[in-house]
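User: I would like to learn how to read a protein model, starting with the overall fold and ending with single residues. Could you take me through it step by step?

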Amino acid sequence: MARAATITVSDTIARSFLASVSLRGDKPAIREKVFGVWRATSWNEWLEISKEIAYALHATGFKTGDVASIMANAVPKWLHADMGVLCCGGVSSGIYPTDSVAQVEYLVNDSRTKVLFVEDEEQLDKILNCRARCPTLEKIVIFDMDGLSGFNDPMAMSFDEFRALGRNHMSGRETLWDEMVGSRSAEDLAILVYTSGTTGPPKGAMHSNKSVTHQMRHADTLLIPTEHEERLIFLPLCHVAERIGGYYLSIATGAIMNFAESPETVPDNIREVQPTTFLAVPRIWEKFYSGVTIALKDATPFQNWMYRRALAIGYRVADYRIEGEPVPLYLRIANQAAYFLVFRNIRRMIGLDRCHVAFTGAAPIAPDLIRWYMALGLDMREVYGQTENCGVATLMPGDRIKLGSVGKAAPWGEVKICPKGEILIKGDFLFMGYLNQPAKTAETVDADGWLHTGDVGSIDNEGYVKITDRMKDIIITSGGKNITPSEIENQLKFSPYISDAVVIGDKRPFLTCLIMIDQENVEKFAQDDDIPFTNYASLCRAAAVQELIWKEIETVNANFARVETIKKFYLIERQLTPEDEELTPTLKLKRKFVNQRYAGEIEAMYGARAVA
C-alpha cells in the first residue's frame, strides 16, 4: 500500500513551493509531451527556471507588489512564470487565451499589468493590437517563438532570452533571492483570479497568500494523497479550479503534474497518463459518458448484454454506498467479476482505471451521472466553491454520499443559509475583495464577514448542502410558478446528444429551451441513419435531428410536473468554442448572453401555439 504524502505548506505560496522543492528535490514535478515522448522536469529544475524569471523581472524594474499577467493555455511555462512572479514578490494574474483584444486590453489595464507573458504569435498579436492603450505595460515575454524568427520589438523578448537576462542579473546579487522571497507576508495580495464576466466586465478577485495556503494546508483531507500521485492538467489555469485544485494543491502534496498537449488531445492524454486523481468540470464528465454510450451502439448484442448486467450490479453496489451501508459479500464478488469482464475496459478507455478519487465542480451536474460513475467503481465526489472563496467550500464525504447535494461544509470553513435562502460562506479562504471595485465587494461580503454566493440552497439535518439554483436564474412563469432551471438542464445534458441547454420561461406562459447539440455524437447519428447534411447549421435543421432531440426532451419531461416541462426548443446553429462569447471557460452556455443573442429565436418559440 502506498504511503501517504507529506504536505508541505508555509505562510506564502512562494515559500510553500520552496519547502516542496527542499523535500522533493530531483523527483519529477512536471511532465509534458515533447516530440511524442513524455519528458519530466524535477522540482529542482522548476526552481532554477522560476528563479531566473524572478531575477529577470527584478532586472526590468519590476517591484514588490507589481502585477504580471500570463496569457496562455495550460502549459508548463505558465507554472514557471507564475512561480517566478510570486518568488519575486509580485502579484500573478491570468488571462484566458480565448479572450478578445478588447478583453485583454481591459484586463491589462484593470490589473495595471507591468509584464505580460504570452504563449505564442496568436496571443502576441492581441496585445500588440492594444498595447498603445495600456500605459502600465512595460515588457512582453513570449513562450513559443514559432513563426516569430524575424520578429523584433524593443518591448518584447523570448522566454529563453528573459531567462538569460535573469541568469546574468544573478551575478553578485545572491542575497537578492532571499529578499525577494521574503518581501511578501501571508496577508499580502498574491494572485488575481478574474471572474468570467457573465453579468458585466470581469471582476478581479484578490487573493492573499493566506487564502491560498489555507486551502493548500488541507489538501490531504480533500485528496488523501499518496507518494505516487499523478494529475492531468488541462483546464485553464486562469480558472480557480485548476489553479488551486490542480496546481497549488499539487505543490502541497508533491503530485506529478502531467500537462495535456492541447485541449483537443485531452482524451488521448488521459488514457496515456491514467491519473490517480482527476478534477474536471461537468462537461468533461458528460463527454466521457456520451462517448461510452455511443460506442455501445456499435457493440455486439452480447457485449451490450454484458454491459447491462455489469451495470446493474454496479448500481446496486453504488446504492449501498449511497445509503452508507456495507456491501454484502456476494455482491462484492459479483462486482469484482463485473470489473474484470466489463468495467476495467471502460475505465481504461476513459483513462481512469488508476483513479482512486475523481472530483466534479465549477458547475452543476446531474446526480444520475455521478451514480453511473460510481457504478463503474469510481469514487466520484462533487465539490462546491467559488472564485471568491479560493476553491472548495463544501465536499462530499467519502463514507456517505448524498446525490443531489454538494456534500458538507469543508472542516476549514463555514456554510450557512440566510433567511432569503442564499448560501453564505465564511473562512480564512475568502478573498480580499474585488480589485478597484469596493462597492461590489461590499455587496458580496457583509459586515460579519460572510460571502454572499448568489446561490439558493438548503442544509439538511445531517449538514449536507443542496444548491437549488442561482438566485438570478430562478424562473417565475406568468402563472406564478417558481421553477429552478438547473435541475431540468442537468437532466437534458445527461443525453449523449445534448451538450448544453438553457431553459427559458421567466414571465412566460410555458418553458422553452435553447439547446447546443453534441456535434460528434449527432453527426454519427446522422451518418449511421443516412441523414444528409452539408454543415453544422443544416445538421441542426435536419428533421430527423430535430425529432431525435425532441425525444430526448420528452424523456426528461416525464420526470417533471406538467408546468415544468419543455414545450418548444431551438437548436443553436453555430458551432461554439471557448472563443465564442456565448460560452464560459468551463464550456457552459452563458444564460444572460444567450437570452440576448437569441432573443429573436426565443420570441419565435412563443409566437405560435405551444407543443401539446
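Analyst: What follows goes from the whole chain to its cores and then to chosen residues. Please keep in mind that this is a predicted model.

User: Which secondary structure elements does the protein have, and how many of each?

Analyst: The count for the protein is 22 helices and 26 strands. As for its extent, the C-alpha atoms fill a box of roughly 80 × 60 × 55 Å along the principal axes.

User: How does the radius of gyration of the protein relate to that of a compact globule?

Analyst: The general idea is to set the value beside the one expected for a compact globule with the given number of residues. For 612 residues that expectation is near 25 Å, and because the protein has a radius of gyration of 25 Å, the two agree.

User: What share of the residues counts as buried, and what does the accessible surface consist of?

Analyst: Of the 612 residues, 56% count as buried. The accessible surface comes to about 25600 Å², and carbon and sulfur atoms account for 52% of that area. On the side of charge, there are 67 positive and 79 negative charges, whose mean positions are 4 Å apart.

User: What share of the contacts joins residues at least 24 apart in sequence?

Analyst: If one takes the contacts between residues at least 6 apart in sequence, 67% of them join residues at least 24 apart.

User: Where are the nonpolar cores, and which residues have the most contacts inside the largest one?

Analyst: In soluble globular proteins, nonpolar side chains tend to be buried together. Here the largest nonpolar core has 80 residues, and W46, F117, Y247 and Y248 are those with the most contacts inside it. Helix α2, which spans residues 43–59, gives the most to this core, with nine residues. Apart from it lies another core, of 47 residues, which includes W38, L232, V281 and Y315.

User: Which residues is Y248 in contact with, beyond its neighbours in sequence?

Analyst: With neighbours within four places in sequence left aside, Y248 is in contact with I13, D82, L86, I191, V212, M216 and R243.

User: Is I244 buried or exposed, and which element holds it?

Analyst: The place of I244 is in helix α10, residues 240–253, and I244 counts as buried because its relative accessibility is 4%, where the cut-off for buried is under 20%. Not counting residues up to four places away in sequence, I244 touches V212, Q215, L249 and C390. The C-alpha atoms of I244 and G391 are separated by 6.5 Å, although these residues are 147 apart along the chain.

User: What surrounds F259?

Analyst: F259 lies in strand β11, residues 256–259, and, at 1% relative accessibility, F259 counts as buried. Leaving out residues up to four places away in sequence, F259 touches I30, R31, W38, A74, V75, P76, L79, L232, I233 and L237. W38 and L232, which F259 touches, are also among the residues of the core of 47 residues. F259 and L223, by contrast, are 36 residues apart in sequence and 19 Å apart in space, C-alpha to C-alpha.

User: Where do L451 and T195 lie, and what does each of them touch?

Analyst: L451 is in strand β20, residues 451–459, and is buried, with a relative accessible area of 0%. Beyond its neighbours within four places in sequence, L451 is in contact with Q386, E388, N389, I423, L424, I425, L430, F431, T444 and V445. T195 lies in the loop between β8 (189–194) and β9 (204–208), and counts as buried at 13% relative accessibility. Leaving aside residues up to four places away in sequence, T195 touches P202, K203 and E388; E388 is also in contact with L451.

User: Which backbone angles deserve a second look?

Analyst: Most residues other than glycine have a negative phi, and most peptide bonds are trans. Q274, which is not a glycine, has a positive phi of about 50°, and its place is in the loop between α11 (266–273) and β12 (277–280). K507 also has a positive phi, near 60°, and lies in the loop between β24 (498–504) and β25 (511–517).

User: Are Q274 and K507 buried or exposed?

Analyst: Q274 is buried, with a relative accessible area of 12%, whereas K507 counts as exposed at 64% relative accessibility.

Methods: Residues are numbered from 1 along each chain as its sequence is written. This is a predicted model: local features need pLDDT of at least 70, side-chain atom pairs count only at pLDDT 80 or more; totals for chains, interfaces and linings use all residues. Side-chain values use heavy atoms; hydrogens and water are left out. Helices (H or I, at least four residues) and strands (E, at least two) are DSSP runs, numbered from the N terminus. The radius of gyration is taken over C-alpha atoms; the globule rule is 2.2 Å times the number of residues to the power 0.38. Buried means under 20% relative accessible area, exposed over 50%, partly exposed in between (1.4 Å probe, protein chains only). Contact means heavy atoms within 4.5 Å. Accessible areas come from the Shrake-Rupley method with a 1.4 Å probe; for residues, only the protein chains shown count as cover. Lys and Arg count as positive and Asp and Glu as negative; His and the chain ends are not counted. The place of a charge is taken as NZ of Lys, CZ of Arg, CG of Asp or CD of Glu. A nonpolar core is a set of buried Ala, Val, Leu, Ile, Met, Phe, Trp, Tyr and Cys residues joined through side-chain atoms within 4.5 Å.
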